[in-house]
Amino acid sequence: MLSGERFVTAAEESGPSAAGMTADGTAETPAAVPGAGMVADSGGPAGPQSRTTDIVPGPGGVMTDEVGVVTGDLTLRTEYADGKVTLRVQYKDADEWYAVTGTSVTLADPAGLDAVHGVAVGLLNRPEG
């Protein structure tokens, strides 16, 4: 897990959650996963949700719809609402969020939000350049 990554699910707020899946695709026995390190806002299984991670983009920065390229220490938020996922960034600890250009797409199953966020972090977080 990356430094600054935060995650909390609705299941964790109300009790233990499954730690993962078995090789045959069935759920493992429920287990608490403390200190997972990411933050999630959840409006229920199909309601608005988000995942947030601090990133440092590579030399080209991140292109946004509102202000063009942003660089430096950023926070990436992957949002799911109304069947769509959108990526937004902000300068770390700032108030304004900017839509990452070309990243508002349909996501049929909100369960895919973690995977989308993980891929986005993997693509945009380039602290070594």
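**Salt bridges, core and loops of a predicted model**

Me: Is glutamate 79 buried or exposed, and what is its relative accessible area?

Reply: In this predicted model, the class of glutamate 79 follows from its accessible area, and the cut-off for a buried residue is under 20%. Glutamate 79 falls under that cut-off, so it is buried, with a relative accessible area of 18%.

Me: Which strand holds glutamate 79?

Reply: The chain contains 2 helices and 11 strands. Residues 74–81 form one of these strands, and glutamate 79 has its place there, in strand 8.

Me: Which side chains make polar contacts with that of glutamate 79, and at what distances?

Reply: A polar contact requires N or O atoms within 3.5 Å. The side chain of arginine 77 meets this condition with glutamate 79 at 2.5 Å. A second such contact joins the side chains of glutamate 79 and arginine 88, at 2.8 Å.

Me: Which residues does glutamate 79 touch, apart from those up to four places away in sequence?

Reply: Arginine 88, already named as a polar partner of glutamate 79, is one of the residues touched. With residues up to four places away in sequence not counted, the list reads Gln49, Ser50, Lys84, Val85, Thr86, Arg88 and Leu113.

Me: Which residues are linked with Glu79 in a network of salt bridges?

Reply: Side chains of opposite charge can pair when their charged atoms come close. Glutamate 79 forms a salt bridge with arginine 77, with 2.5 Å between the closest N and O atoms, and another with arginine 88, where the corresponding distance is 2.8 Å. Glutamate 79 and arginine 77 are both buried, whereas arginine 88 is partly exposed at 24% relative accessible area. The residues linked with Glu79 in this network are Arg77 and Arg88.

Me: Over which ring does the charged end of arginine 77 sit, and how far from its centre?

Reply: Arginine 77 also forms a salt bridge with glutamate 79. Its charged end sits over the ring of tryptophan 97, at a distance from the ring centre of 4.0 Å.

Me: How many salt bridges does a search of the whole structure find?

Reply: Two partners of glutamate 79 have been named, arginine 77 and arginine 88. Aspartate 114 forms a further salt bridge, with arginine 51. The search of the whole structure gives a total of 4.

Me: How many residues apart in sequence are the parts that aspartate 114 and arginine 51 tie together?

Reply: The closest N and O atoms of this salt bridge are 2.5 Å apart. Aspartate 114 is partly exposed at 35% relative accessible area, while arginine 51 is buried at 6%. Because aspartate 114 belongs to helix 2 and arginine 51 to strand 5, residues 49–55, the pair ties together parts whose separation in residues is 63.

Me: Which element supplies the largest share of the largest nonpolar core?

Reply: This core has 12 residues in all, among them Ile55, Leu74, Leu87, Val100 and Leu124. At least two residues come from each of strand 8, strand 9 (84–91) and helix 2 (113–124). The largest share, 3 residues, is supplied by helix 2.

Me: With which residues is valine 100 in contact, leaving aside its neighbours within four places in sequence?

Reply: Valine 100 belongs to the largest nonpolar core, as do Val62, Leu87 and Val89. These three also appear among its contacts. The full list is Val62, Met63, Thr64, Asp65, Leu87, Arg88 and Val89.

Me: What phi values do aspartate 82 and aspartate 93 have?

Reply: Aspartate 82 lies in the loop between strand 8 and strand 9 and is exposed at 77% relative accessibility. Aspartate 93 lies in the loop between strand 9 and strand 10 and is exposed at 69%. Neither is a glycine, yet phi is positive in both, at about 55 degrees for aspartate 82 and about 70 degrees for aspartate 93.

Me: What percentage of the residues in the chain is buried?

Reply: Glutamate 79 and arginine 51 are among the buried residues. Of the 129 residues in the chain, the buried ones make up 33%.

Technical notes:
Residues numbered from 1 in each chain as written. Predicted model: local features only at pLDDT ≥ 70, side-chain atom pairs only at ≥ 80, totals over all residues. Heavy atoms only, no water. Helix = DSSP H or I, 4+ residues; strand = E, 2+ residues; numbered from the N terminus. Buried < 20%, exposed > 50% of the residue type's maximum accessible area, 1.4 Å probe, protein only. Polar contact = N/O pair within 3.5 Å; in protein donor to acceptor, adjacent residues only side chain to side chain. Contact = heavy atoms within 4.5 Å. Lys NZ or Arg CZ within 6 Å of the ring centre and 35° of its normal. Core = buried A, V, L, I, M, F, W, Y, C linked by side-chain atoms within 4.5 Å. Salt bridge = Lys/Arg side-chain N within 4 Å of Asp/Glu carboxyl O.
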